[in-house]
Each structure stands twice: as structure tokens, then as C-alpha cells.
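Reader: I have a model open on my screen and a list of terms I would like explained. Could you walk me through them?

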Amino acid sequence: MKIIDIIKNAGKTIFSFELLPPLKGNDAGKLYHTIESLVEFDPKYINLTTHRDEVEFKEMPDGSIVKRTVRKRPGTVAIAASIQHKYGIPVVPHILCGGFTKSETEHVLIDLNFLEIKNVLALRGDGLKNQHVFQAEKNGHSNANHLVQQISDLKKGKYLEEDLKNSTPLDFCIGVAGYPEKHFEAPNMEQDLAHLKQKVEAGADYIVTQMFFDNQVYYDFVKQCRRIGITVPIIPGIKPINLKNQLTVLPKIFSIDIPQELAIELGKCKNNEDAAKVGTEWAIVQSKDLVANHVPSLHIYTYGISDNVKEIVKAVF
Ligand SMILES: Cc1cc2nc3c(=O)[nH]c(=O)nc-3n(C[C@H](O)[C@H](O)[C@H](O)COP(=O)(O)OP(=O)(O)OC[C@H]3O[C@@H](n4cnc5c(N)ncnc54)[C@H](O)[C@@H]3O)c2cc1C
């Protein structure tokens, strides 16, 4: 079932959580365990991240530069299918521009369709560690709006090769990312919002936000989106803090603010256990307020940890 229909039919706030594929060499057991501990709370869908290969550029003795892959986290398509078929819960695999050519993306989408996966979250991805700016693959997409357009074209049966035989349309519900505190590369909020609107105009059905810790930031963002004519559902992203160092790590990685009140409470924590209590409590208060304000869904960033998610959904729903 498509996420947009699930949201429309629910008539109340629902919730989903985001998981990472297992590390290479492991099986999906830990992931299944996380899901099983949350199934009783009736998550309506599950997001599954995608990670591009990490590469390094190494200078050789003859002065030539070679590109070497140093880290891989594959498996999103396989794990997404496995979860969806095992638990009967729709899975939303994330698909990236970064690291993929348009042709590889087309193949992924064909595979997802075979596997009866009808939902994707279309993202650009970040630049590589050693790149200052994001660089698309040769014959890849430079921004998420182009990726959304490719998926929308497939929905009309338009494949990359115009003369392709059997160009059956592939039907997907498309989610995209939004940034209540602005994407770190955008020069200002207006331009970032204009780019977000391009993604919706290209065919995105809904938006999921980056994590935020002050609900007012989300409410203001929704208002700004509506003002410029973005009408699709905007799903808030909630991250329960579970480690003390996330006080400094999260703002650095995601370009978001931690409100002073939360920062003070986390600063008082002696260890990660204390920090997880503070983080969970904060996420509960945030989520209760969002539900009271009739948000369509809560997107909970779990990073594979289910205890705090359990506490949140128990307290909120
Ligand atoms: C809910 C969520 C899930 C995520 N999941 C993953 C994941 O699984 N794997 C992963 O690697 N990353 C993930 N990310 C991170 C995401 O890939 C990064 O934030 C990335 O830097 C931007 O992706 P985007 O899709 O928002 O890009 P875009 O929409 O392309 O925007 C990126 C930047 O380019 C600008 N821009 C957009 N369009 C144009 C244009 N046409 N011309 C010029 N500038 C433009 C925007 O203003 C913005 O500054 C996720 C983020 C969110 C919020």
C-alpha cells in the first residue's frame, strides 16, 4: 500500500520508524528483533536507509590517481523486500542520487517493483568525505528533484531508453526530504524552500523532515511551505537522543539546533543512560504536542535502537 494512501485513510497521526541495513557480513537478525519489539505498537510503515559506497582517491607512485572503495553498506533492496514480506508492513527504501547512475537507479526501481515495493524516499545523498561539494556520478543525478522526475517518468512508462520494448509503467509513491532549519548547503531558507517545491512539482507525494528538537521550528516550516504553495503532507522527523555526545555530534552532522533547555539537561547527564532518559522524555513531549496538532505521521529515527522508540509510542499513542 502507498504511504500517501495510508496517511489519507488513517484519519489520525500514525507512526513509522527508520532503520539501517545490517553491516556487511551480518544477517538481518538484529533488525528483525528491533522490528518485532515494535510490531505490537502497529507501525504503519518502516523506512530503510541507503548508504553509498565510501571511496578514497589515492595518488600512485607514477602520479596517477586511483579511486578505491573503502566501505560498503549494501542490501537495502533485499532487506526491504525481506521485511515487507515477513511482517506485511510496507517498507520505504531510500534511494540516492549519489553513487548511482540513472541506469542503475532504473534497475533498482524495476527490482523494487518486482518485489512489490510501492514506496520510495528519493534523496540526493551527501558528498563523499573528501569532496567539498556533492558530485553526481557521470550519468547520475545532481539533485533529488531530477531523481523524483525519473521516478515520475517511470510512472508514465517513460524509461531511459526511448525505444525500449515492454515499457510498462512502474507505480511508486514518492517521499522527499525537507529541512525545517535549512539544508546546510542552501544559501538561505527561501532558496531551499524553492528547491523543495521543485521536488514536489516533479512528483513527490509527501515530505519527511530532518530531525528537529523544537516543534515551533517545524510549525514555522510547514507555514512557510504552505505559503509558497507546497500542499503535500509534511511528516516530522523525531530523533530520541540516546548518547551524551549527541549534544554536539547531531548539530555538527545535521546542521540543526539543540534548544538551550535540552542542552542544559543533557549537560547534567553523567553517562549515556542518563542522556537516553532525557532524550526519550524530550521526544515524548515533542511527539505528544505534534500529535495534538494533528501531524500526519511521526517518522522516528531509531538507528537500530528500539527501547526508546517503544517508550515513546507507548506514551504517545
Ligand atoms: C528523512 C531523511 C532521510 C534520509 N535518508 C538518507 C539515506 O538513507 N541515505 C543518505 O545517504 N542520506 C540520507 N539523508 C540525508 C540526505 O541525503 C542529505 O541531507 C543530502 O545532503 C540532501 O539530500 P536531499 O534529497 O534533500 O537533496 P536535494 O533536495 O537535492 O537538496 C540538496 C541541496 O541542494 C539544493 N538544491 C536542490 N535542488 C537544487 C537545484 N535544482 N539546483 C541547485 N540546488 C539545488 C538544496 O537547496 C539543498 O541545499 C536523509 C535525510 C532525511 C531528511
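Author: Happily; the turns below take the terms one by one.

Author: First, this is a predicted model, in which local features need pLDDT of at least 70 and side-chain atom pairs count only at pLDDT 80 or more, while totals for chains, interfaces and linings use all residues. Residues are numbered from 1 along each chain as its sequence is written, and side-chain values use heavy atoms, with hydrogens and water left out.

Reader: Why is Gln286 called buried?

Author: Buried means under 20% relative accessible area, exposed means over 50%, and partly exposed is in between, with a 1.4 Å probe and protein chains only. Gln286 has 4% relative accessibility, so Gln286 counts as buried. The residue belongs to helix 10 (residues 272–292); helices are DSSP runs of H or I with at least four residues, strands are runs of E with at least two, and both are numbered from the N terminus.

Reader: What does Gln286 touch?

Author: Contact means heavy atoms within 4.5 Å. Leaving out residues up to four places away in sequence, Gln286 touches Phe212, Phe213, Asp214, Asn215 and Ile238. A polar atom of the Gln286 side chain also lies 2.9 Å from the backbone oxygen of Phe212. A polar contact is a pair of N or O atoms within 3.5 Å; within protein, one must be able to donate a hydrogen and the other to accept it, and residues adjacent in sequence count only if both atoms are side-chain atoms.

Reader: What makes Ser287 buried?

Author: Ser287, also in helix 10, has a relative accessible area of 0%, and therefore it is buried. Beyond its neighbours within four places in sequence, Ser287 is in contact with Ile238, Leu298, Ile312 and Val316.

Reader: How do you know how helix 7 and helix 10 cross?

Author: Axes are lines fitted to C-alpha atoms, for helices over the stretch in contact, and angles run from 0 to 180 degrees between N-to-C directions. By that reckoning, the axes of helix 7 (residues 215–227) and helix 10 come within 10 Å and cross at roughly 30°. Asn215, Tyr218 and Tyr219 of helix 7 make the contact with Gln286, Asp289 and Leu290 of helix 10.

Reader: Which strands form the barrel, and in what order?

Author: Eight strands close into a barrel in the order 1-2-5-6-7-8-9-10, with parallel pairing. From one strand to the next, the twist averages 30°. Two strands pair if DSSP finds at least two bridges between them. Strand 2 (residues 45–48) and strand 5 (residues 91–96) pair in the parallel sense over three bridges, and Ile46 has Val91 in strand 5 as its bridge partner.

Reader: And what joins strand 3 to strand 4?

Author: Seven bridges join strand 3 (residues 51–59) to strand 4 (residues 65–73), and the two run antiparallel. Glu59 stands opposite Ile65 in strand 4. The hairpin has five residues between the strands, and Gly63 there takes a positive phi near 90°.

Reader: Why is Glu116 called exposed, and Lys182 partly exposed?

Author: Glu116 has a relative accessible area of 52%, so Glu116 is exposed. Lys182 has a relative accessible area of 23%, so Lys182 is partly exposed. Glu116 is found in the loop between helix 4 (102–114) and strand 6, while Lys182 lies in the loop between strand 7 and helix 6 (189–202).

Reader: What is phi in each of them?

Author: Most residues other than glycine have a negative phi. Glu116, not a glycine, has a positive phi near 65°. Lys182 is not a glycine either, and its phi is positive at about 75°.

Reader: Why are the buried residues of helix 1 said to be on the same side?

Author: The buried residues of helix 1 (residues 3–10) are Ile3, Ile4, Ile6 and Ile7. They cover an arc of only 160° around the axis, so they sit on the same side of helix 1; the arc is that of the directions from the helix axis to the C-beta atoms. Lys8 and Asn9 are exposed on the other side of helix 1.

Reader: Last one: what makes Gly178 buried?

Author: Gly178 has 1% relative accessibility, so Gly178 counts as buried. Its place is in strand 7.
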